[in-house]
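Student: Hey, got a few minutes to walk through a structure with me? I'd like to poke at the odd bits as well as the basics.

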2 protein chains.
Amino acid sequence: MVWERSMNKLSRGLSSSQIRKPRPPSLVSLDLIDEWSSTFTHSHSPPIQKSINNDSARIIDGRSAAEEIKSSIAVEVSRMKESIGKVPGLAVILVGQRRDSLAYVRNKIMACHEVGFRFSIAELPESCTEDDVCDALSNYNKDASIHGILVQLPLPQHFDEGKILNVLSLEKDVDGFHPLNIGNLAIQGREPLFIPCTAKGCIELLLSSDVEIVGKRAVVIGRSNIVGLPTFLLLQRHHATVSIVHAYSENPEIITREADILVAAAGVPNLVRGSWLKPGAVVLDVGINPIEDPESEHGYRLIGDVCFEEAVRIASAVTPVPGGVGPMTVAMLLLNTLEAAKRALCFT
Amino acid sequence: MVWERSMNKLSRGLSSSQIRKPRPPSLVSLDLIDEWSSTFTHSHSPPIQKSINNDSARIIDGRSAAEEIKSSIAVEVSRMKESIGKVPGLAVILVGQRRDSLAYVRNKIMACHEVGFRFSIAELPESCTEDDVCDALSNYNKDASIHGILVQLPLPQHFDEGKILNVLSLEKDVDGFHPLNIGNLAIQGREPLFIPCTAKGCIELLLSSDVEIVGKRAVVIGRSNIVGLPTFLLLQRHHATVSIVHAYSENPEIITREADILVAAAGVPNLVRGSWLKPGAVVLDVGINPIEDPESEHGYRLIGDVCFEEAVRIASAVTPVPGGVGPMTVAMLLLNTLEAAKRALCFT
């Protein structure tokens, strides 16, 4: 079974006595890598239904929602430029040459150009030191033309992500990953300076699709710091009844089947099958998994964490991959950067 | 039905268009008061079963677990005193004269005396200003004989709790309520300086009772900043599959019935009935609700959020009220203060 390997990994990596040990010296010592293994790869996915019946789910078009948001951002940028002669600036720090990171950064550059933002990038070799990254961050912290900074994650393994993110100026943390931001997202009565982009994009898609959130059962699959956790926190701030399913959850399909709103962010292609879904559920698929496809231009194509062909017959609404949550994430990054610039420049 | 009033309150207090409004100006504007109304008061509770059958749940004895922890703290305090001539110091800031707050503070004073801590209290009248509270905090921040400070919550309504807690030195925040602490509790790979006491007490009770947490379904009822939220976060760091049920949750009894581990922290007497429990569940009752009782010495007695007499016949283990989570909360406060003192004094 798909989950067994995770549990075996757990028992190999961390004995149950370690986990049960009263007053463990640290929480970090309990941390486990959420490696989801799956027998459901693309090769096992069912044949694509070319014709979908009339009961098929509404496709939530993240691309057009993102375009709409970008258009309104572009209008704001023009107004800012005309009024005070300045535009929002976004800086990215990229370490190494990961193919997926390069693709994400390319998307961000294009999006900045589209809306009229200034864009700057610091490209560092994989062999650079933490101090090199911190120096680049400090420079951008001081640069008044830069209002948002992000460090493209993941960093190479030997880097201390926490230490580096601590250097980043809170006012420019447009990814919203600083622990103070996460704390303020979690605590009722508090306001984070920035809401992490994918979580914000998911909620925007629900709101713009008129999906009722208050009181509804929401399940988030995956508890990553950058997607699962903030999405949980934001759904809860919107008064959903939220559960997080992760690689060590027993019977994940049972709890997932209770979700009125499902956010799949495990990073496992086709993990969520039709049988995991409650009929009529709204499904947001955050997964962007490249799988080999000799017929496509680059030799691969992207699929989500949700088996789309099955979901579309059971859910009431579903986001496609690509063209769903992905474009919204970029739009939210632009929105956060616009907010940061307005705040820094006292422009309303 | 018990939940209807909450939902009505919601529709009165906040229109659905407000909640659905895309890109709300702030998260705080979405916040709702989680007022749980209940028809299940003590007067409706079933007659107490004087004789409990053999299938009854194990009673998790928080009082004796707390005594054990306090004993080991007292040993550490002696060692510290002998070795460096210093003892941990705890300071409490108390505003006003709430009866429950006075009782909690009394417990803390007694506990400090028991283990040999220095204790200091700043009692301020309800009519004092935020600046008065901040001044008291600043003084304790600077006082080298004080290693832990807590502001007894709740503060009178006109106070900005967030603003006041921001003044508190992170290194002395033994309640663990600072957003940076909460953020570091939430984020995998990060370590909070302090774990909020009730959440920590709950996990300690589970660990010391040999309850398996990894992969199990856990439900936390109540999403308060001081109990529900940190308990959720800590259970998740221990790899449970966690859901939070709150006053706006639809069908709370259905999700609660799925819990292998239930933490009830709604503040509603007898909210959780036997029919809400999965047979064999482990139930931690955080509620401490005073109800009138002419037969008891003070004219009232304390009951929990869980209908104990019903729970004991269905659960496999349950904490009593009083004598369950409450004493553990105080013990964890002492433990956090001991840790703070050790850190400040570089004593290992």
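Here is how the chat about this predicted model went.

Student: Okay, basics first. How many helices and strands does chain A have?

Tutor: Chain A has twelve helices and eleven strands. Keep in mind that this is a predicted model.

Student: And how much of chain A counts as buried?

Tutor: 57% of its 348 residues. As for contacts in chain A between residues at least 6 apart in sequence, 72% of them join residues at least 24 apart.

Student: Which residues touch the most other members of the largest nonpolar core?

Tutor: That core has 130 residues, and the ones touching the most other members are Ile73, Leu206 and Leu235 of chain A, plus B:Ile73, B:Leu206 and B:Leu235.

Student: Take A:Leu235. What is it in contact with, neighbours within four places in sequence aside?

Tutor: A:Leu235 is in contact with A:Ile203, A:Leu206, A:Ile213, A:Ala218, A:Val220, A:Ala240, A:Val242 and A:Val263.

Student: Where does A:Ile73 sit, then?

Tutor: A:Ile73 is one of the buried residues of helix H3 of chain A, including also A:Ala66, A:Ile69, A:Lys70 and A:Glu76. H3(A) runs over residues 62–84 and reaches 32 Å from first C-alpha to last, close to the 33 Å expected for its 23 residues.

Student: What do those buried residues pack against?

Tutor: Three helices of chain A: H4 (99–115), H8 (197–208) and H12 (325–344).

Student: Switching topic. How many aromatic pairs turn up over all chains?

Tutor: One, in a search of the whole structure. The partners are A:Phe232 and B:Phe232, and they are stacked, with 4.1 Å centre to centre and 0° between the planes.

Student: Why does the pair join two chains?

Tutor: Because A:Phe232 lies in helix H9 (residues 228–237) of chain A, while B:Phe232 lies in helix H9 (residues 228–237) of chain B.

Student: Are those two rings' residues buried or exposed?

Tutor: A:Phe232 is buried, at 0% relative accessible area. B:Phe232 is buried too, with a value of 0%.

Student: Let's do sheets. What's the strand order in the open sheet of chain B?

Tutor: It goes S3-S2-S4, three strands with parallel pairing. S3 (118–124) and S4 (148–151) of chain B are the edge strands, each pairing on one side only. Direction ignored, neighbouring strands of this sheet are turned by 15° against each other on average.

Student: How many bridges link S2(B) and S4(B)?

Tutor: Four, in the parallel sense, with S2(B) covering residues 89–95. B:Ile93 has B:Val151 in S4(B) as its bridge partner.

Student: Which helix packs on that sheet?

Tutor: Helix H4 (residues 99–115) of chain B, which touches S2, S3 and S4 of chain B. The direction of H4(B) makes about 165° with that of S2(B).

Student: What about strand S5 of chain B, how many of its residues are buried?

Tutor: Five of its five, over residues 217–221. Side chains in a regular strand alternate between the two faces of the sheet. Here, B:Arg217, B:Val219 and B:Ile221 are on one side, B:Ala218 and B:Val220 are on the other, and all are buried.

Student: What does S5(B) pair with?

Tutor: Strand S6 (residues 241–245) of chain B, in the parallel sense over five bridges. Opposite B:Ile221 you'll find B:Val245 in S6(B).

Student: Now the backbone oddities. Which peptide bonds are cis?

Tutor: The one from A:Val321 to A:Pro322 is cis, omega near -5°. In chain B, the bond from B:Val321 to B:Pro322 is also cis, with omega near -5°. A:Pro322 is in the loop between strand S11 (317–318) and H12 of chain A, and B:Pro322 is in the loop between strand S11 (317–318) and H12 of chain B.

Student: And what's up with phi at A:Cys346?

Tutor: A:Cys346 takes a positive phi of about 50° although it isn't a glycine. It lies in the segment after H12 of chain A and counts as exposed, at 69% relative accessibility.

Student: Where is B:Cys346, and what's its phi?

Tutor: Just after H12(B), again with a positive phi of about 50°. B:Cys346 is exposed, with a relative accessible area of 70%.

Student: Last one: how far does H12(B) reach?

Tutor: 28 Å from first C-alpha to last, over residues 325–344, close to the 28 Å expected. B:Gly326 is in that helix, and its C-alpha is separated by 7.5 Å from that of B:Gly62, 264 residues apart along the chain.

How values were computed: Residues numbered from 1 in each chain as written. Chains lettered and ligands numbered in written order. Predicted model: local features only at pLDDT ≥ 70, side-chain atom pairs only at ≥ 80, totals over all residues. Heavy atoms only, no water. Core = buried A, V, L, I, M, F, W, Y, C linked by side-chain atoms within 4.5 Å. Buried < 20%, exposed > 50% of the residue type's maximum accessible area, 1.4 Å probe, protein only. Contact = heavy atoms within 4.5 Å. Expected span 1.5 Å × (residues − 1). Pairing = 2+ DSSP bridges. Axes fitted to C-alpha atoms, helices over the stretch in contact; angles between N-to-C directions. Phe/Tyr/Trp six-rings, centres within 6.5 Å; stacked < 30°, edge-to-face > 60°.
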